[in-house]
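Biologist: Please take a close look at chain B for me, with its core and its backbone geometry, and set out how the parts belong together.

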Amino acid sequence: MADHRRTLALTAVLSALIVVSTVAAPMVSARPAHEIPVSEVSTADLAEPDADGWEEVPASDVPLSSAPSSVPNADDTSIETVDVQAARTDQRLYVRLEWQDATRDMNASATREFADAVAVQFPVNTSSRPPIAMGGPDNRVNVWYWSGSTGTQELLAGGAGSTTPFQNPTVQANTSHSGTGGNATWTVVYSRQLDASSENRTDLRTDGDLDVAFAVWNGSNGERSGQKAVSEWHYYPFSGGPQGPPYETLLWTLAGIAIVAVVGVTSFGIYRTRGAE
Amino acid sequence: MSTDQQDDQGEEDTLVNVADGVDHQVAMVMDLNKCIGCQTCTIACKNLWTEDGGSEYMYWNNVETKPGEGYPRGWEDSGGGWESGEHSDRSPGEIPDEEDYGRAWEFNHEEIMYEGSDEPLRPRDGAEWGPNWDEDQGAGEYPNSYYFYLPRICNHCTHPSCVEACPRSALYKRQEDGIVLVDQDRCRGYRYCVEGCPYKKVYYNTVSKKSEKCIFCYPRIEGEGPDGETFAPACAEECPPQLRLVGFLDDEEGPIHKLVNEYEVALPLHPEFRTQPNVYYIPPFAPGQHTEDGETVDIDRIPRQYLRNLFGDGVDEALDTIDAHRQRVRQGGDSELMELLQDKNPAKQYRLEVFDDE
């Protein structure tokens, strides 16, 4: 009998420990999968790609895949991930993007030459999420675009093919391409005043979550237009605290229950076997 | 070439198939038997439209020797156009590179004019290809070698694959006359039009970073000149042998309609691209082959299959029709077709104001 009690007690303790650890772990690290953290900073040394201020800002690896598009070779894209950092002062939002690209394609000055490019897309109306591919006619997107050949552009789009540049862009971009060969990386820092200076520009002073998506073009692979590597919609949690669906917590809880159940059934089996002896 | 647009909305009956949404279709007929390869059309066009930076390499109008590589080199094998006559799937195409178009060469003017060099005037280096590089080379062997000249502009097609290729609808076919244009405000330099045109008649401006093409001299045909007069495109008006007829395909009283739809002697270039060009060609005749003794024999000098490859299977009938009418006139008979092909009256050659009152 003493053996049985000891086994039972051990099982109970083990189970309790597992439950505690599985529930506690995600409390510490959980971040909804599509959330990109934004550091709120008071002073900004963030305008340049290699500014010291970026060392304190957490980075997210955002996976990219070929955009669905009707242009030829739309599924032939070469950039698979972009590192995204974001920081907000009480005046400006800074977004830093970094990705690997062995070639620095800065020109479109020959008939077959295309430049590297990168874009950040926001809903014009932050209260609803537009269609990911350049928004829709009733739900437009504001795009910050930089390419090696055109420089920075601020764009408005209401569906594929409708992209139109603003006359007076309010977005700044600073860029650098460093390293060599396969380790060479582009870094681009965009920034803009939080206030929307005119209609059809995203208000970055929003208190709600701000949807955001990313696109990268590798010019030497002939990428342009809809032939681009794009992310899904992500969001900046301007409303404070994780708001997205708590997938991670849910998964950990399920895993915990499963482990407890397995330990319980195993212990019960051992107990029965010993009891039968 | 005709008939599928019938009277379905009480409109005037017409045999002419113009594109949906287009009122009338400008068209041109070029008689290849008159072309002397002088390039006056090429220069007239260049002086008007492609002298600025970034367009040096462009010839919206070019004249190439056939058989030959053409301009840009190998354009006939560069893809583009449609997979089928349903015009739903486009064939993939390629963007020609600078070497295929031919770079603008640097010459040794400086040395000769200012430094007293007695070298001949010639390109400095890198002159290994250019537009018309294979001029007059042709094909065949003495005494039966052959060639002819092929002037080319944008075909302002009824089913333009360049228009369809643009994801931004920057290219469009204008309603009043079917001229295909590139909206310079919409264009973002993606060049899908360049690769999508099977004739390679859309060009990328390397300075403005936008695409450009033949505009059928629309300001001239609209009478936008100093005196408000209407003029045919410069390539047509400046042509020394006046080999071009300009008007509307659906002007049923005009020579173009008669040559294309009635006599069927004016044929589109490479109809298998299925874009339905609105520039048509009277196919070339050549003397029969010669024996080694200099006797003319009744064998085509220009292989008929070569002409079929260029102008489609209609070329046999077109040449037969023209031949029959020539015989008739030789024997003292009358032929409207021969008159149309020999007309020297500009008012008949250029019928651009027939629909002005609409």
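Modeller: Buried residues, meaning those with 20 or more other C-beta atoms within 10 Å of their own (exposed is 12 or fewer, partly exposed in between, with C-beta atoms placed from the backbone), make up 42% of the 358 residues in chain B. This is a predicted model, in which local features need pLDDT of at least 70 and side-chain atom pairs count only at pLDDT 80 or more, while totals for chains, interfaces and linings use all residues. Residues are numbered from 1 along each chain as its sequence is written, and chains are lettered from A and ligands numbered from 1 in the order in which they are written.

The secondary structure of chain B comes to 12 helices and 10 strands, taken as DSSP runs numbered from the N terminus (helices are H or I, at least four residues; strands are E, at least two). The radius of gyration of chain B, taken over C-alpha atoms, is 21 Å, close to the 21 Å from the globule rule (2.2 Å times the number of residues to the power 0.38), so chain B is as compact as a globular protein of that length. Of the contacts in chain B with a separation of 6 or more, 63% join residues 24 or more positions apart, a contact being two C-beta atoms, placed from the backbone, within 7 Å.

The largest nonpolar core has 84 residues; such a core is a set of buried Ala, Val, Leu, Ile, Met, Phe, Trp, Tyr and Cys residues joined through C-beta atoms within 7 Å. Strand β1 of chain B (residues 26-31) gives the most to this core, with 5 residues. The residues with the most contacts inside the core are B:V29, B:C193 and B:A266. Leaving aside neighbours within four places in sequence, B:A266 is in contact with B:V29, and also with B:L259, B:V260, B:Y280, B:Y281 and B:I282.

As for the backbone, the loop between β2 (62-66) and α2 (98-101) of chain B holds B:P67, and the peptide bond leading to B:P67 from B:K66 is cis, with omega near -10°. B:P72 is found in the loop between β2 and α2 as well, and the bond from B:Y71 to B:P72 is cis, with omega near -10°. B:H156, in the loop between β3 (148-152) and α4 (161-165), has a positive phi near 40° although it is not glycine, and it counts as buried because it has 28 C-beta neighbours inside 10 Å.
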